[in-house]
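Q: I'm new to this one and would like a close look at a single part: the pairing between charged side chains. Could you walk me through it and then show me what surrounds it?

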Amino acid sequence: MINIVLINGTKSRMQKALIDSGADYTLINVSIAEDLGIDLKSCLVDRTLGIENKPIDTYYYDLELAIPNMDQSNVIVKTGFVKSSSVGILLGQKDFFDKFVICFNKKKNLFEIDLSV
């Protein structure tokens, strides 16, 4: 888990997020979209499989996020907003892992995040 800042125009929110190497895209609960003033009706809608073992509507939006205390970490991430009790914030491979170097060290129970070179 890491702290991230979600940014939509003048609205922002700090949240804890799970770095999820098994997720293709970053997924966020729809309640957070509402807090950030994102109109889901204006989003591209698709169906996602795998979250609850059934298809679920996913509202895609290009969202800015940043990692606190990491200079130049602001990135735009294609984010899927979903209505699911099992999803808070999952940081996925496309657009998040692509823009950072993420190293997991299970033996030492730690991970590192750095800017992609």
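A: Let's start with one pair. The side chains of Arg-47 and Asp-57 come together in a salt bridge, with 2.7 Å from N to O. Arg-47 belongs to strand E4, which covers residues 44-48, while Asp-57 belongs to strand E5, residues 56-66, so the bridge ties together parts that lie ten residues apart in sequence. Keep in mind that this is a predicted model.

What about cover? Arg-47 has a relative accessibility of 48%, so it counts as partly exposed. Its partner Asp-57 is partly exposed too, because its relative accessible area is 31%, and that class sits between the 20% and 50% cut-offs. As a general point, side chains of opposite charge can pair when their charged atoms come close.

Staying on strand E5, have a look at Tyr-60, which is also placed there. Is Tyr-60 buried or exposed? With a relative accessibility of 13%, Tyr-60 counts as buried, because buried means under 20%. Setting aside neighbours within four places in sequence, Tyr-60 is in contact with Tyr-25, Cys-43, Leu-44, Asp-46, Thr-48, Lys-78, Thr-79 and Gly-80. Take Asp-46 from that list: its C-alpha is 7.8 Å from that of Tyr-60, and the two are 14 residues apart in sequence.

Now for the other pair. The structure holds two salt bridges, and one of them joins the side chains of Arg-13 and Asp-35, at 2.1 Å from N to O. This pair links distant parts of the chain: Arg-13 is in strand E2 (residues 11-19), Asp-35 is in helix H1 (residues 30-35), and 22 residues separate them. Arg-13 comes out as partly exposed, because its relative accessibility is 25%. Asp-35 is partly exposed as well, with a relative accessible area of 45%.

Helix H1 spans residues 30-35, and a residue from a loop further along the chain makes contact with Ile-32. That residue is Gly-88, found in the loop between strand E6 (75-82) and strand E7 (89-91). Beyond its neighbours within four places in sequence, Gly-88 touches Leu-27, Ile-28 and Asn-29 as well as Ile-32. Gly-88 is partly exposed, with a relative accessible area of 38%. Lys-16 is another residue to check from here: its C-alpha is 8.6 Å from that of Gly-88, though their positions lie 72 residues apart along the chain.

Let's step back to the whole thing. The protein has one helix and nine strands, and from the N terminus on they run β-β-β-α-β-β-β-β-β-β. Among contacts between residues at least 6 apart in sequence, 55% join residues at least 24 apart.

As for overall size, a compact globule of 117 residues would have a radius of gyration near 13 Å, and the value here is 14 Å, which agrees. Along the principal axes, the C-alpha atoms fill a box of roughly 40 × 35 × 25 Å. Of the 117 residues, 41% count as buried. The protein exposes about 7100 Å², and carbon and sulfur atoms supply 48% of that area.

To come back to charges, there are 13 positive and 15 negative ones, and their mean positions are 6 Å apart.

Technical notes:
Residues are numbered from 1 along each chain as its sequence is written. This is a predicted model: local features need pLDDT of at least 70, side-chain atom pairs count only at pLDDT 80 or more; totals for chains, interfaces and linings use all residues. Side-chain values use heavy atoms; hydrogens and water are left out. A salt bridge is a side-chain nitrogen of Lys or Arg within 4 Å of a carboxyl oxygen of Asp or Glu. Helices (H or I, at least four residues) and strands (E, at least two) are DSSP runs, numbered from the N terminus. Buried means under 20% relative accessible area, exposed over 50%, partly exposed in between (1.4 Å probe, protein chains only). The radius of gyration is taken over C-alpha atoms; the globule rule is 2.2 Å times the number of residues to the power 0.38. Contact means heavy atoms within 4.5 Å. Accessible areas come from the Shrake-Rupley method with a 1.4 Å probe; for residues, only the protein chains shown count as cover. Lys and Arg count as positive and Asp and Glu as negative; His and the chain ends are not counted. The place of a charge is taken as NZ of Lys, CZ of Arg, CG of Asp or CD of Glu.
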